[in-house]
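Biologist: Got a minute to go through this one with me? Let me pull it up first.

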Amino acid sequence: MFEERLLEKVEICKEILSDSRNELYLNMRFLDVALHSLRPEPSMELGRTATDGEVLKYNPEFLMDQYRLGNTQVNRGYLHSILHCLLGHVWNPRGRANLQLWNLACDIAVESVIDSLPYRCLRNPSKPYRRAVYQGLEKKVPVLNGEGIFYLLEHTEADSRTIARLIQEFTVDDHFLWQEESESPRMSMEQQNQWKDIREKMETELTTFSKEAAEDSKGLCSQLHVENRERYDYRTFLKKFCVLKEEMQIDMDSFDYIFYHYGMELYGNMPLIEHLETREVQKIEDFVIVIDTSMSCKEVLVQKFLEETYSILSQSESFCRKFCVHIIQCDERVQSDVVIENRKQLQEYMKEFKVQGMGGTDFRPAFAYVGTLLARKAFHKLRGLIYFTDGYGTFPLKKPPYDTAFVFFREDYLDVDVPPWAIKLIIGGNVREL
């Protein structure tokens, strides 16, 4: 008898979810593929709903209770789980160190998108508390995405009552399936790639064929744009400023023990091959770091960028014995230029670093100054220039005779079009990830 009643409830829930999917699709056709990418699966062990990117698990009793309150609640819950997958929250390991804050950040990000959509099927009575939370976050995070909110929550000393109140307000589904290790890593990667493909195609559609829908979905478009940005390894990027050098050191990678052992056996004490006495390595020789010290660029981000860059550059294998790194501070004019020629100087500079400037923003003086250094032959061979900034400034019109990268921090980032000759990099809370 119990099983029959359970089967009846499951059938009812299938119809509820089908109706919800259809209603969401009729209002947001760009969600077509995403809405059909989760397989519904009943589970009496759950208190509400949960997803791992492949299935949407739900408690039949909970879903039916939500439907009794109105189809709006079901629609919002269904879309909430879809957006977690679409925005990559399910597989992002960044929040593993503080699961509570990561889960909360993702819920706030998703709910902010849903609350911004002007569709009747998602409309809930406006809550002053939610509006206050969104407004407070928007003053500090340009795009209310999961990582930006997580970084803010992690570095804000919010008391436990505030966190508990936020959790109560924004929690919609369970996230325990996010932390479960997949039995098949390959399957997990396939799911991530599948949702990444859906996300990229959706952004393309919203920016081309569905511009009217994009106007109604600005919050979603902003988060899609953030998630679709390419990521790079910062260490790999810095290799662009390296030169290939031969150093006097034994190259174990090119040594063949088989021929060495064979020669020792055949001739007694004469190997057929010996270690190479030189080795080709990538070394940093000459490059420039320019720091935007204008009023709009936050001092804490400047310090953070320098600390992380220092941690990479200070490694013993990074530098040539002789190198020349200019660290220039510039707002609307060049404020300081410190030349670093060894690791000890770099360490001392980091200890005594102070921001100078805080005026307007103009990128041209820094490039003009580097041009005068080149004319004076201050560099052996300038490999490139890294310009850390928030993007608010006047770019040079002419391409300089060296590689240039404009670097932005993700939590302080607004979309800026850099010149076509420059590299544009957006880095996260950990500068090693770009």
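Biologist: How much of the chain counts as buried?
Modeller: Of its 434 residues, 48% do, with buried meaning under 20% relative accessible area for a 1.4 Å probe, protein chains only. This is a predicted model, where local features need pLDDT of at least 70 and side-chain atom pairs pLDDT 80 or more, while totals for chains, interfaces and linings use all residues. Numbering runs from 1 along each chain as its sequence is written, and side-chain values use heavy atoms, without hydrogens and water.

Biologist: OK, pockets. What volume does the largest pocket have?
Modeller: About 890 Å³, taken as the space filled by probe spheres set on grid points joined across faces, edges and corners. A pocket here is an open set of points on a 1 Å grid over the protein atoms alone, where a 1.4 Å probe fits, with protein on both sides within 12 Å along at least five of seven lines; lining residues have an atom within 4 Å of a point.

Biologist: And which residues are closest to its centre?
Modeller: R76, E111, I114, D115 and R130, out of 42 lining residues.

Biologist: Which helix gives the most to that lining?
Modeller: α5, with six residues. Helices are DSSP runs of H or I, at least four residues, and strands are runs of E, at least two, numbered from the N terminus.

Biologist: Switching to strands: how do β2 and β3 pair?
Modeller: Antiparallel, over three bridges; pairing takes at least two DSSP bridges. T51 sits opposite L56 of β3, and in the hairpin G53 has a positive phi near 95°.

Biologist: And β1 with β3?
Modeller: Those two run parallel, over four bridges, and P42 has Y58 as its bridge partner.

Terms used:
Buried < 20%, exposed > 50% of the residue type's maximum accessible area, 1.4 Å probe, protein only.
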